[in-house]
Amino acid sequence: MAVLTEKNLIQIRRDLHAMPELALNEFRTAAYLEKVITGFNQQYLTIKHVPDLPTALLVRVAGSAPQRTLGYRTDIDALPVSEKTGLPFASKNPGVMHACGHDIHMTVALGVLSYFSEHQPTDNLIFFFQPAEESQNGGKLAYELGVFEGEWRPDEFYGLHDNPDLPAGAIGCRLGTLFAGTTEVNIDLEGKGGHAAYPQDANDMVVAAAHLISQVQTIISRSIDPIEGGVITLGKLEAGTIRNVIAGHAHIEGTIRGLTQVMIEKIDQRLQEVGDGIAKSFNADVTVTLNQGGYLPVENDPELTQPFIDYMENASDVNYIETKPAMTGEDFGYLLSKIPGTMFWLGVEDDSQLHSATLNPNEAAIMAGINAITGFMTDRMAR
Ligand SMILES: CC(=O)N[C@@H](CCC[C@H](N)C(=O)O)C(=O)O
């Protein structure tokens, strides 16, 4: 097959959109990606599987006169969101949706790979199709499995995230921190259930959870420097079974975000303290489980990011926009803590936000993204 056309790419994106899979379960997605890739010119390509991370896929493109190896990473997982776009190619997997645009990410990566499979690069290229970005930190898992050893280790790593707030096809970036680090939070409150009519004989975990949730809101407003900021979102609460039974258990899930590691650790510590305080005042067992995994702040390396920005600012066909740091998280932060590189935004212009059931990225971003990235990589390899 020759380089993928815009028509091929749109079809690929729609196929991928219709078959979203959750973190570490992306088996059909990985098989689809591999099928597309095996249709490319194989002369310069080597495909690598990772037995202990079976939905990961790596492809190496051998350079003609390599001085270095450039890495390009895309994430491939979806979210537990029930799609409400009404699109003809909407998710066929009930309750699961590419609500974060990873279908666009994968399509752009395939487009760039397709280009370099026909136009041999001078440097080596590694494409990493990464499972489990939304949870389970697939990037960290891969790194710890030694996936990037030997000739599979990039010297510099690049990756994008789509952004509905930017015009379709625009490239957004900045020096330094692009995305927050995050900590996943689980809180279990254990008391004593009982009859709704006899609260004196029970220990109500709905009331304890309500107090905990309210107190947690004071961490950002009262303990954190407002100039630095931070976020705690408790997105899930489960407690009780019926109106006239006092709940003896409550379970809360959430996420903490901060732009520095110090900030994340401070918020983590305050959350633990609030949990301990609620345990004492409600005579409950409160277990706060915090897991940062690989979601470190995404730090763009200044030496590599400045040439990236220079290219994007000066390329006649790129709409470059300098962006502010965002409180979204990304486990590419972990990979960038090991291998220097740059993460950037690709504008997909939509009224719906990331993680929304109505997200409908503008597909014009696909070709614009591919052109910007192949252009940048070609320029980078010439230096
Ligand atoms: C870009 C994006 O939306 N990323 C996710 C990453 C999830 C981080 C982690 N699992 C957590 O929830 O703490 C995000 O929610 O920002």
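Strands in this talk are DSSP runs of E, at least two residues long, numbered from the N terminus. Keep that in mind for the names S1 to S5. One caution before we start: this is a predicted model.

Let's begin with strand S2, which covers residues 57–61. Four of its five residues are buried. S2 has partners. Strand S1, residues 45–49, pairs with S2 in the antiparallel sense, over five bridges. Strand S4, residues 124–130, also runs antiparallel to S2, and five bridges join those two. Now pick out Leu57. Leu57 in S2 is the bridge partner of His49. Leu57 also stands opposite Phe129 in S4.

Next, the active site. Which residues carry that label? UniProt, in an unreviewed entry, places the feature "active site" at Asp75 and Glu134. The two are spread over 60 residues of sequence, but they cluster in space, with a largest C-alpha distance of 8.9 Å.

Take Asp75. You will find Asp75 in strand S3, residues 69–75. Is Asp75 buried or exposed? The cut-off for buried is 20 or more other C-beta atoms within 10 Å. Asp75 has 28, so Asp75 is buried. Set aside residues up to four places away in sequence, and Asp75 touches His102, His105, Gln130 and Glu133.

Now Glu134. Glu134 sits in the loop between S4 and helix H4, which is 138–144. Glu134 counts as buried too, because it has 21 C-beta neighbours inside 10 Å. Again leaving out residues up to four places away in sequence, Glu134 touches Ala23, Asp77, Leu79 and Cys100.

Glu134 leads us to a second annotation. The same kind of record, an unreviewed UniProt entry, gives "binding site" for Cys100, His102, Glu134, His161 and His355. These residues span 256 residues in sequence, yet no two of their C-alpha atoms are more than 12.7 Å apart, so they gather at one spot.

Let me walk through two of them. Start with Cys100. Cys100 is in the loop between S3 and helix H3, which is 102–118. There are 25 C-beta neighbours inside 10 Å, so Cys100 counts as buried. Its contacts, beyond residues up to four places away in sequence, are Leu79, Glu134, Leu354 and His355. Glu134 and His355 are on the binding-site list as well.

Then His161. His161 is in strand S5, residues 156–163. His161 counts as buried because 26 C-beta neighbours lie inside 10 Å. With neighbours within four places in sequence left aside, His161 is in contact with Glu330, Met343 and Trp345.

Last stop: the ligand. How many residues surround the ligand? There are 13, and the closest are Thr182, Glu184, Thr255, Thr328 and Gly329. By class, the shell has seven polar, three charged and three nonpolar residues.

Where does the ligand lie with respect to the domains? Domain 1 is made of 6–178 plus 298–381, and domain 2 is 181–291. Both give residues to the shell, so the ligand lies between them.

To recap. S2 pairs with S1 and with S4. Asp75 and Glu134 cluster in space. The binding-site residues gather at one spot. The ligand lies between the two domains, because both contribute to its shell.

Technical notes:
Residues numbered from 1 in each chain as written. Predicted model: local features only at pLDDT ≥ 70, side-chain atom pairs only at ≥ 80, totals over all residues. Buried ≥ 20, exposed ≤ 12 C-beta atoms within 10 Å, placed from the backbone. Pairing = 2+ DSSP bridges. Near = placed C-beta within 6 Å. Nonpolar A, V, L, I, M, F, W, Y, C, P; charged D, E, K, R; others polar. Domains from an automatic or database assignment. UniProt positions renumbered as here; feature names shortened; annotations may be inferred. Contact = placed C-beta atoms within 7 Å.
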